[in-house]
Amino acid sequence: MVNLIGWNFDNSYIDLPKTFYSAVQPGKVAAPEITILNRQLAEELGLKSDELMQPEGIAVLSGNELPDGSASIAQAYAGHQFGHFTMLGDGRATLIGEQITPEKKRVDIQLKGAGVTPYSRGGDGRAALGPMLREYLISEAMNSLGIPTSRSLAVVQTGEDVIREQSLPGAILTRVAESHLRIGTFQYARQWSELDELKALADYSLARHFPEAATRPNRYIELFKEVVTRQAKLIAKWNLVGFVHGVMNTDNMTISGETIDYGPCAFIDQYVPTAVFSSIDRHGRYAYNQQKPVAIWNLARLAEALLPLVEGDKDTVLKQFQALLYYFSDCYQDQWLNGMRGKLGILEPEAEDEALIHQLLEIMEKHKADYTHTFRALTLTDYRDQDWFETEDFKRWEKLWKLRLKKQNQSSGQILQQMKQSNPAIIPRNYLVEQVLEEAVSQDNLVPFKQFLSALQDPYAYSEEQERYAMPAPTDQGNYQTFCGT
Ligand code: AMP
Ligand code: MG
């Protein structure tokens, strides 16, 4: 068959020892129909959108056919889920191949919801339309916010129902990522594989993501350092936009430093440091303000897995890993502090900035201020509609902030520009996400979803189109709760 679509697979993962995957075929589905296709991403991948919309294209996106060059597998991994170690693996995802893009980038093409695999553990291997559209919307919004993430190429409805608490329309998401290597992949190797298999995984990860680090002495320590750095930057960025991942199990934390697995994630509305949205996170393990310590905990699990690979005196090696876990905090703090400075228009850093930032956060917490809206309001100096800007607390802080800005040798235009590019005018607000999903799933009306998606494409634009999405949720919305959506 002539490859009109542009699939250009080169599959490197299958050269790893066989213990790391199982060959699987995606399950066939009855009546695939495309719900949404990401034309821009398709182009970046070297794929022709018009062809992907044809039956041959949809057949691939639904798992009914595999393109030439595909090596379809489910990956094996383990992980700590809410602190409990367990064997996992792709239970409902099939990796159909690694696409080499026109820019010579290598990315995984994965079908999420493509049927059972040897790792399904009794699950049906399928996914429902609502959660797949939710992942599509939020992952694409995260990408536009400038946050490393897996991408979403398409959602295809299967024409079959999936049974959860109720019967729901089934769907498959085509997920694209630099890789799906996880901390849990290393934990799996450490627990159940031979040392040379663990070594093969570490060398593969270095070659795929950190080729430069692979050439340095002590390369497994270097691997760890790279992952620590990427994760520290990632999680600081989450914090800066108010993102709560919701299920930071070690199997959901990548080696590449991309955000993956948008299950019960949410953005904070009011600034509540302890915010939790996931219905199953009863003890707040993955609360907004726990993401940093949890990331360090997860990385300690990666360190344990890598330990046997590093030669030398055991105490010295342990100290090296420990030092890098402390380094996470430095790296995170740098990223966060500079990010916060940017949000306040501070371009010439000073040590006192941190105190000014914390003062603002404290009064935001006290007055239950909306996180995203506050920074948008500061950017536009538009304090309408939100009573808390009338408080003495805010007015006192604002004076200090204005004085601080005057100390810089920067024009108001430069400050405004800095603030606009640091403070998204809009985010995927929980109540809006729910609204557009409800329309899409229950009313079969994708228009509001697509409009919202389009507005989220450049969250820093401050365009007119975005204004209707910028306001905080009506206060009568109650507590927002998310579900894993499996
Ligand atoms: P997640 O919460 O999406 O990170 O999934 C955790 C684990 O459960 C992974 O091993 C998934 O592959 C598996 N899983 C989630 N949903 C299903 C399903 N419907 N059928 C089979 N396995 C699933
Ligand atoms: Mg997962």
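Which residues is Phe186 in contact with, leaving aside its neighbours within four places in sequence?

Entry 1. I note at the start that this is a predicted model. I looked up Phe186 and listed its contacts beyond four places in sequence: Leu198, Leu201, Ala202, Ser205, Leu223, Ile255, Leu302, Ala305 and Leu306.

Entry 2. I then looked up the core around this residue. Phe186, Phe224 and Leu299 have the most contacts inside the largest nonpolar core, which has 99 residues. Helix H8, residues 219-241, gives the most to this core, namely 13 residues. I asked where this core lies with respect to the domains. Domain 1 (9-177) and domain 2 (181-425 + 470-486) both give residues to the core, so it lies between them. I also found another core apart from this one, with 26 residues, including Ala141, Val155, Ala440 and Leu446.

Entry 3. I turned to the magnesium ion, which is ligand 2. Asn252 coordinates the ion through OD1 and Asp261 through OD, at 1.8 to 2.1 Å. Are these two residues, Asn252 and Asp261, buried or exposed? I find that both Asn252 and Asp261 are buried.

Entry 4. Last, I looked at ligand 1, which is surrounded by 18 residues. The closest are Gly89, Gly91, Asp124, Gly125 and Asp261. Asp261 is thus listed here and also at the magnesium ion.

I wrote down three distances between ligand 1 and N or O atoms in side chains:
- For Arg92, a nitrogen atom of ligand 1 is 3.2 Å away.
- For Asp124, a nitrogen atom of the ligand is 3.0 Å away.
- For Asn252, an oxygen atom of ligand 1 is 3.1 Å away; Asn252 also coordinates the magnesium ion.

Terms used:
Residues are numbered from 1 along each chain as its sequence is written. Chains are lettered from A and ligands numbered from 1 in the order in which they are written. This is a predicted model: local features need pLDDT of at least 70, side-chain atom pairs count only at pLDDT 80 or more; totals for chains, interfaces and linings use all residues. Side-chain values use heavy atoms; hydrogens and water are left out. A nonpolar core is a set of buried Ala, Val, Leu, Ile, Met, Phe, Trp, Tyr and Cys residues joined through side-chain atoms within 4.5 Å. Buried means under 20% relative accessible area, exposed over 50%, partly exposed in between (1.4 Å probe, protein chains only). Helices (H or I, at least four residues) and strands (E, at least two) are DSSP runs, numbered from the N terminus. Domain bounds come from an automatic or database domain assignment. Contact means heavy atoms within 4.5 Å. Donors are N, O and S atoms within 2.8 Å of the metal (3.2 Å for Na, K and Ca); water is not among the atoms, so sites may look incomplete. A residue is near a molecule or strand if one of its heavy atoms lies within 4 Å of it. A polar contact is a pair of N or O atoms within 3.5 Å; within protein, one must be able to donate a hydrogen and the other to accept it, and residues adjacent in sequence count only if both atoms are side-chain atoms.
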